[in-house]
Amino acid sequence: MRTGIGKTAETTSSCEPGRLEFSRPHRLARGCWLVPLLVACGQLAFSGAAGAAPAKTGATVEAAAKPDIAPTAFELQLLYADRTWNWKNGAAYFGMDRRLHAWTKGEDSPAVGEGRWLVTEKGKMCMELAWRSKTYSTKPQRTCYSHRVDKGNIEQRKDPDGTWYDFKHAKDDPADEHQKFEAGNTKGGQFDETRKLVDSKS
C-alpha cells in the first residue's frame with residue numbers, strides 16, 4: 001500500500017524495536033506489558049525492605065545487654081601482677097617480671113608448672129606453663145582467659161568457649177573469683193616443697 005509518491009508504508013509490528021511512530025491502539029498494546037512488571041517490581045522492593053530489617057534473636061539481645069568492652073592490658077596487669085591465684089589443689093603466682101610458677105597437689109602425682117604470663121589489649125590473660133611430675137612432663141601449654149566489663153563489673157571466661165562468670169565486682173563480692181587472689185607470693189613455700197618432691201630421685 002502506498003502512502004505517498006515514492007514512500008512505502010512503515011510496518012507497525014511491536015516485534016521490531018526502534019520504531020518511532022505507532023498508531024494509538026498499537027502504543028496501548030505495546031505498553032500493557034509494563035503494568036504487571038511494575039507491580040512485580042514494587043512487590044519485590046517492598047518484601048526486600050521488610051526482609052532487610054534485622055531479626056532480634058536471643059544472641060542479639062544478649063549482646064546488647066552484655067557489651068564486650070574489654071579491660072586494657074594495664075588494668076589486667078593490676079589484677080594479676082604480684083598476686084597468687086589459689087586453686088582447689090594448688091596455686092599459681094604471677095610475678096612482676098611476668099614469670100609464672102604453679103603447683104598442684106594431686107592424690108598420686110604432685111606437679112609443678114613453670115613459665116610466663118601475659119596480657120593483651122583485647123582483654124586476655126594467658127598462662128604458658130610447662131608441667132612436670134615424677135611420672136610426666138609437658139611442653140609449654142597456653143591457657144587463656146577472656147575478660148569483659150559490664151556495668152563496672154569484670155567478667156571472665158576460659159577460652160575459647162567457656163561460660164562467662166563474675167570475676168570482680170566494682171564492690172567486692174565474696175563470690176568473685178578474684179577473691180581467691182592474694183597479694184604477694186603467698187604459696188611460694190608450697191611450690192618449693194612440691195618442686196623438690198618432683199625433682200627428687202627417690
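Helices and strands here are DSSP runs, a strand having at least two residues, and they are numbered from the N terminus. With that numbering in hand, note before starting that the model is predicted.

**The whole chain.** Show the protein chain as a cartoon, and you should be able to follow five helices and eleven strands. Of its 202 residues, 28% count as buried. If you then switch on a surface, the accessible area comes to about 14000 Å², and carbon and sulfur atoms account for 57% of it. Among contacts between residues at least 6 apart in sequence, 40% join residues at least 24 apart.

**The largest pocket.** Next, select Trp85, Trp87, Met127, Leu129, Trp131, Gln141, Thr143, Tyr145 and Lys158, which line the largest pocket. Its volume is about 200 Å³. Which strands each supply at least two residues of this lining? Colour strand E3 (83–87), strand E7 (124–132) and strand E8 (141–150) to see them, since each of these makes such a contribution. By residue class, the lining divides into six nonpolar, two polar and one charged.

**The aromatic cluster.** Keep Trp85, Trp87 and Tyr145 selected, as these residues of the pocket lining also belong to one aromatic cluster. To complete that cluster, add Tyr80, Phe94, Trp117, Phe167 and Phe181 to the selection.

**A stacked pair.** The count of aromatic pairs in the model comes to twelve. For one of them, zoom in on Tyr80 and Phe167, whose rings are stacked, with 5.9 Å from centre to centre and 20° between the planes. This pair links distant parts of the chain, with Tyr80 in helix H4 (residues 73–80) and Phe167 in strand E10, 87 residues apart. Both Tyr80 and Phe167 are buried, and a surface view is therefore a poor way to look for them, given that buried means under 20% relative accessible area.

**Glu177.** From Phe167, move on to Glu177, which sits in the loop between strand E10 (165–168) and strand E11 (181–183). Is Glu177 buried or exposed? Glu177 counts as buried because its relative accessible area is 15%, and the cut-off for buried is under 20%. Show the residues around this side chain: leaving aside neighbours within four places in sequence, Glu177 is in contact with Trp85, Gln156, Tyr165, Asp166 and Phe167. Two of these names will be familiar from earlier stops, as Trp85 and Phe167 are both members of the aromatic cluster, and Trp85 is also one of the residues lining the largest pocket.

Technical notes: Residues numbered from 1 in each chain as written. Predicted model: local features only at pLDDT ≥ 70, side-chain atom pairs only at ≥ 80, totals over all residues. Heavy atoms only, no water. Helix = DSSP H or I, 4+ residues; strand = E, 2+ residues; numbered from the N terminus. Buried < 20%, exposed > 50% of the residue type's maximum accessible area, 1.4 Å probe, protein only. Contact = heavy atoms within 4.5 Å. Areas by Shrake-Rupley, 256 points an atom, 1.4 Å probe, with all protein chains shown as cover. 1 Å grid on protein atoms, 1.4 Å probe; cavity = no way out; pocket = protein on both sides within 12 Å on 5 of 7 lines; lining within 4 Å. Points joined across faces, edges and corners; volume = space filled by probe spheres on them. Nonpolar A, V, L, I, M, F, W, Y, C, P; charged D, E, K, R; others polar. Phe/Tyr/Trp six-rings, centres within 6.5 Å; stacked < 30°, edge-to-face > 60°.
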